[in-house]
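Me: I would like to go through this structure by question and answer, with each answer reasoned out before the name or value is given.

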Amino acid sequence: MSSDAGAPLLEVEDLVTRYPVSRGLMGTIAGRPRLNVHAADGISFSLRSGEMLAIVGESGCGKTTTAQTVMRMIEPDGGRIRFRGSDITTLSHRQMRPLRRQMQLIYQDPYESLDPRFRVGDTVEEPLIIHGEGGTKDGRDKLVREALERAGLSPSELYVERYPHELSGGQRQRVAIAASLVLNPSLLVADEPVSMLDVSVRAGILDLLAGLRRAGLGILMITHDLSTAAHYADRIAVMYLGRIVEIGSAKEVVRRPQHPYTRALVSVVPSRDPRTGPRPQLLKGETPNAVHIPPGCRFHPRCPQAIEECKSVDPQLRPAGGEGQEAACILVGHNEHLDAEGGGPGAPTATAPGRI
Ligand code: SF4
């Protein structure tokens, strides 16, 4: 484990995670080849302290697998994960233990992530007990109250004795966030943190995460909601079938998307003024199976701009559009192809949020 002062908080390089597909008894007897779901297939990105990076994509694109692999909840099949400059890719569970308090995961469903038998105070205190932090009971209680206040449950005395069923969905998610914050982590991974919540409380939770980001935490947010990413994240990485196909500042990716897939996503975000928004671009076909990744550009069966070469060339991320923006498309730099199909850099831009 090497250390590098001044490195980004998190660096992920060429991460690969596969799930083997069961062949079944008959498949094994028949000697059918072993197949894998290519959930993360060469993912690279970095995250700084005080930054929020949103990984955006459809269900099944591999974004949650990527997040869980980064947290070492799933073993990677390849690539590197560095946390604060140290390589954590192959650390044992025991070696990971002291790092776990610095890397916390916020789950999608606060109804499931909280134990209904635990009072709020017990839930938030539990990580301190597990990690042997906080000293005495009084010391732990003080940290619990501080974490609750930090998560917006104020005054904390109103909440410590309550059970989850006595709380709203938004309050439960705040308890889950408080349980993450109580260990004073430097990285939060938020997996669809508001998708199970009423629309009325989503903004409050997202504002809370934005405040934590401003306070210096690095936040990796997993979402299928491009508008949420555009509004709250500093940078966006768009995933398709196990790969990042575009990454850049949230503003640039949404205003000047360079990859045809990102353009299609942006085009279906409802505009405040339908007369000025881009023409909605409906992609043909279903997302291919992650077991059988199409050859060449994996997006080519659905890409409205595909050319013959796309069936054989597997494009890698390269600079495109704004500063720091990259896209994995062979037509990047040949925008006449993209513009001819509509939705190119000169095309009208989306201005209002919506789901993909
Ligand atoms: Fe479409 Fe070809 Fe670009 Fe892939 S490489 S996104 S198929 S134009």
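The turns below take up the sheets, then the unusual backbone angles, and then the ligand.

Me: Before we start, what kind of model is this, and how are its residues numbered?
Reply: This is a predicted model, in which local features need pLDDT of at least 70 and side-chain atom pairs count only at pLDDT 80 or more, whereas totals for chains, interfaces and linings use all residues. Side-chain values use heavy atoms, with hydrogens and water left out, and residues are numbered from 1 along each chain as its sequence is written.

Me: In what order do the 4 strands of the antiparallel open sheet lie?
Reply: Strands here are DSSP runs of E with at least two residues, helices are runs of H or I with at least four, and both are numbered from the N terminus; two strands pair if DSSP finds at least two bridges between them. The edge strands, each pairing on one side only, are β2 (35-47) and β5. β1 is joined to β2 by 10 bridges, and β1 (residues 10-21) also pairs with β4 (residues 78-83) over 5 bridges. The order is therefore β2-β1-β4-β5.

Me: Which residue in the turn between β4 and β5 has a positive phi?
Reply: β4 pairs with β5 (residues 86-87) in the antiparallel sense over 2 bridges, and F83 has S86 as its bridge partner in β5. These strands form a hairpin with 2 residues between them, and the turn residue with a positive phi, about 50°, is R84.

Me: Which strand holds D14, whose phi is also positive?
Reply: Most residues other than glycine have a negative phi. D14, however, has a phi near 50°. The strand in which D14 is found is β1.

Me: At what angle to β1 does helix α2 run?
Reply: Axes are lines fitted to C-alpha atoms, for helices over the stretch in contact (heavy atoms within 4.5 Å), and angles between N-to-C directions run from 0 to 180 degrees. Helix α2 (residues 63-70) lies across β1, β2 and β4, and its angle to β1 is about 115°.

Me: Which strands of the mixed sheet does helix α7 touch?
Reply: The 8 strands of this open sheet follow the order β6-β7-β8-β3-β9-β10-β12-β11, with β6 (103-106) and β11 (318-319) at the edges. Helix α7 (residues 169-181) packs on the sheet, its direction making about 170° with that of β6, and the strands touched are β6 and β7.

Me: Which residue in β8 stands opposite A190?
Reply: β7 (residues 187-191) and β8 (residues 218-223) pair in the parallel sense over 5 bridges. Within β8, the residue opposite A190 is M221.

Me: Which two residues does the cis peptide bond join?
Reply: P155 lies in the loop between α6 (137-150) and α7. The cis bond has an omega of about 0°, and the residues joined are S154 and P155.

Me: How many residues of the shell around the ligand are nonpolar, polar and charged?
Reply: The ligand is surrounded by 13 residues (a heavy atom within 4 Å of it), the closest being C297, C303, C310, C329 and I330. With Ala, Val, Leu, Ile, Met, Phe, Trp, Tyr, Cys and Pro counted as nonpolar, Asp, Glu, Lys and Arg as charged, and the others, Gly among them, as polar, the shell divides into 10 nonpolar, 3 polar and no charged.
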